[in-house]
Amino acid sequence: MAQATASFSKAKSVGGDRVRFDIGGGAYRLIVAFNFKRQIAFVKFIGTHAEYDRVDAATVELF
């Protein structure tokens, strides 16, 4: 997890295996769950900042 947040200045860990990325100049949020052992990334959420404020980043499963 530290690798992802260290590589991207706009990334924050949101618990466990998830990282939140600010994209589009901060207008959008992307939440990705990583399985580093299997080298897989799962997109869990992508939406506007306002939509992000209405979900729980640690549990959201929109995709």
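This passage goes through the sheet, the salt bridges and a surface patch of a predicted model.

The sheet comes first. Four strands make up an open sheet in the order β1-β2-β3-β4, and the pairing is antiparallel. β1 and β4 sit at the edges with a single partner strand each, so one side of each has no neighbour in the sheet. From one strand to the next, the twist averages 25°. Going in from the β1 edge, β1 and strand β2 (residues 18-23) run antiparallel and are joined by 3 bridges. S13 belongs to strand β1, which covers residues 11-13, and its bridge partner in β2 is V19. With a relative accessible area of 45%, S13 comes out as partly exposed. Between S13 and F42 there are 15 Å in space, C-alpha to C-alpha, for a separation of 29 residues in sequence.

On the other side of the sheet order, strand β3 (residues 28-35) pairs with strand β4 (residues 40-48) in the antiparallel sense, this time over 8 bridges. Within that pairing, L30 faces I46 of β4. The two strands, β3 and β4, form a hairpin with 4 residues between them, and Q39 in the turn takes a positive phi of about 60°.

Next, the charged pairs. Side chains of opposite charge can pair when their charged atoms come close. The whole structure holds 4 salt bridges. One of them joins E61 and R18 at 2.9 Å, N to O. This one connects distant parts of the chain, as E61 is in the segment after α2 and R18 is in strand β2, 43 residues apart. E61 also forms a salt bridge with K44, whose closest N and O atoms are 2.9 Å apart. K44 lies in strand β4 while E61 is in the segment after α2, so this pair ties together parts 17 residues apart in sequence. Through shared partners, R18, K44 and E61 end up in one salt-bridge network. As for burial, R18 has a relative accessible area of 4% and is buried, and K44 counts as buried at 12%.

Another salt bridge links D22 and R20, at 3.3 Å from N to O. Here R20 is buried, with 13% relative accessible area, whereas D22 is partly exposed at 22%.

Finally, the surface carries a nonpolar patch made of V43, I46, L62 and F63, which together have about 400 Å² of accessible area. I46 is the residue already met opposite L30. F63 sits in the segment after α2 (49-53) and is exposed, because its relative accessible area of 59% is over the 50% cut-off.

Conventions:
Residues numbered from 1 in each chain as written. Predicted model: local features only at pLDDT ≥ 70, side-chain atom pairs only at ≥ 80, totals over all residues. Heavy atoms only, no water. Buried < 20%, exposed > 50% of the residue type's maximum accessible area, 1.4 Å probe, protein only. Pairing = 2+ DSSP bridges. Axes fitted to C-alpha atoms, helices over the stretch in contact; angles between N-to-C directions. Patch = residues over 30% accessible without salt bridge, like charges linked within 9 Å, V, L, I, M, F, W, Y side chains within 5 Å. Areas by Shrake-Rupley, 256 points an atom, 1.4 Å probe, with all protein chains shown as cover. Salt bridge = Lys/Arg side-chain N within 4 Å of Asp/Glu carboxyl O.
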